[in-house]
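User: Could you pick out one part of this model and take a close look at it for me? I'd like to see it in its setting too, not just on its own.

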Amino acid sequence: MSRGMWLVARREVDNRLRTRSFLVGTLVSALALAGFVLMQSTVFDGDRRDTIGLAGQAIAVSDQLVSEARQVGRAVRTVEVTDLAAGRTQVADGSLDALVSGAPAALTVLVNQSLDDELRGVLNGLVRQQVLRGQLAALEDSAGLDVNSILRNVSEAHVTVHALSPVDNSLSERLPMALVVVALLYLALLLYGSLVAQGVVEEKSSRVVEFLLAAVRPRQLLAGKVLGLGLVGLVQLAAVGVVGLVVGAAVSVLPSVGAAVAALAWGLLWYVLGFLLYAMVFAAVGALVSRQEDVQSVLMPVTAVLVVAFVLGIAVLSRDPTGTTTTVLSLIPPFSPILMPGRLALAAVPFWQAALALALTAATIVPLSRASARIYQNSLLRKDSRSTLRQALRRTP
């Protein structure tokens, strides 16, 4: 059994790895993932630095503006502008995000289109402090007030917040990585599962399978085909994942290198289980037809399950990765290969749930493989354009 299976698997690996489509597909996938990672480090970078031009008396609030902006999580760089006309030109061409001028108690802001709400709040706060400072200064001599002390006490006053359910900021940091893992697994399972079905139909329609069955048994042919294409998919997935890992580490967008490596390792493990789960079904339903034109129609129910798993995975992982709905769905074998690695990438799953999902998926693969092998064996030599599932499951004499 093992010798025939490995011969078929080696044939599949040799044929696929040498094709131009495999090399081009791997390169394009790696470039797409690298581009997504780079986009995360530029367009969606939360540490964007705003460049604010200060002119005239507004230069006096430079340090205070930087300090107040830092308190709301914004990085601000101030630039002194001596010519207002030149400053307007810099705002228009994007060199400056805003130009601030006027007295500190009556600042005027020039922007190209609109002023960011956070920066508006910071500048409003500065103006109010300056107005308050002026009002207190008018009373300083008569009442003996210490203006600086009063302002310092006011600025240091704050509320104390206690959260019943503190927000885990690490989830938001890990979410892009988890969604990438889910997307890669979905595409890999769909692509290589479809290749299994198409290969079965191609061999059946061209009658090559009759020559193959003279050398190996049907179960050996099925196991070898699934194993060979699974190894090719594993190589491609690992290569693309490593490229994403290296680029992510280089531009410092990963929550941590260790977390990314663990997410990749879990993703590869779940790809193996998911491929065994789905590929056997793809091969079985592919054997039901004898023409390439009929492949998509018989594959639709299987691909629909994968699409539902992917859509649900994106939705529930983004909304509540630790919720009851997400937990239950990630334990159901058809959904586990998509959902569970995403939850593991988010570090939002206890070990017992991961172990249970692995056990349930492995337990499902065994009877499903037997049923798929029977369908494959009983349908392989049928000359009908399309066999029914009942005919394929019927025990042959």
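Analyst: Quick bit of bookkeeping: helices here are DSSP runs of H or I at least four residues long, and strands are runs of E at least two long, numbered from the N terminus. Keep in mind that this is a predicted model.

Let's zoom in on the loop between α13 and α14, where Ala347 sits. What catches the eye is its backbone: Ala347 has a positive phi of about 55 degrees, even though it isn't a glycine. Most residues other than glycine have a negative phi. Is Ala347 buried or exposed? Its relative accessible area is 54%, and the cut-off for exposed is over 50%, so Ala347 counts as exposed.

Now look at the helices on either side of that loop. Both α13 (336-345) and α14 (351-379) help cover the buried residues of α12, as does α11 (295-319). Helix α12 itself spans residues 324-331, and its buried residues are Thr326, Thr327, Leu329, Ser330 and Leu331.

From there, step out to the nonpolar packing. The largest nonpolar core takes in 70 residues, and Leu221, Tyr271, Phe275 and Ile338 have the most contacts inside it. Helix α10 (residues 257-286) gives this core its largest share, 16 residues. Take Tyr271: beyond its neighbours within four places in sequence, it touches Leu185, Ala188, Leu189, Tyr192, Leu229, Gly230, Gly233, Leu234 and Leu237. There's also a second, separate core, with 15 residues including Ala58, Val76, Leu115 and Val122. In soluble globular proteins, nonpolar side chains do tend to be buried together.

If you're after open space, try the second largest pocket, which holds about 480 Å³. Its lining has 22 residues, with Gly25, Ser29, Leu187, Leu191 and Gln236 nearest the centre. Helices α2 (20-42), α7 (169-205) and α9 (218-250) each put in at least two lining residues, and α7 has the largest share with eight. By type, the lining splits into 15 nonpolar, six polar and one charged.

And the whole chain? The secondary structure comes to 15 helices and four strands, and 41% of the 397 residues count as buried. Of the contacts between residues at least 6 apart in sequence, 73% join residues at least 24 apart. About 21400 Å² is exposed, with carbon and sulfur atoms supplying 60% of that area.

Terms used
Residues are numbered from 1 along each chain as its sequence is written. This is a predicted model: local features need pLDDT of at least 70, side-chain atom pairs count only at pLDDT 80 or more; totals for chains, interfaces and linings use all residues. Side-chain values use heavy atoms; hydrogens and water are left out. A nonpolar core is a set of buried Ala, Val, Leu, Ile, Met, Phe, Trp, Tyr and Cys residues joined through side-chain atoms within 4.5 Å. Buried means under 20% relative accessible area, exposed over 50%, partly exposed in between (1.4 Å probe, protein chains only). Contact means heavy atoms within 4.5 Å. On a 1 Å grid over the protein atoms alone, a cavity is a set of points where a 1.4 Å probe fits but cannot get out, and a pocket is an open set with protein on both sides within 12 Å along at least five of seven lines; lining residues have an atom within 4 Å of a point. Grid points are joined across faces, edges and corners, and a volume is the space filled by probe spheres set on the points. Ala, Val, Leu, Ile, Met, Phe, Trp, Tyr, Cys and Pro count as nonpolar, Asp, Glu, Lys and Arg as charged, and the others, Gly among them, as polar. Accessible areas come from the Shrake-Rupley method with a 1.4 Å probe; for residues, only the protein chains shown count as cover.
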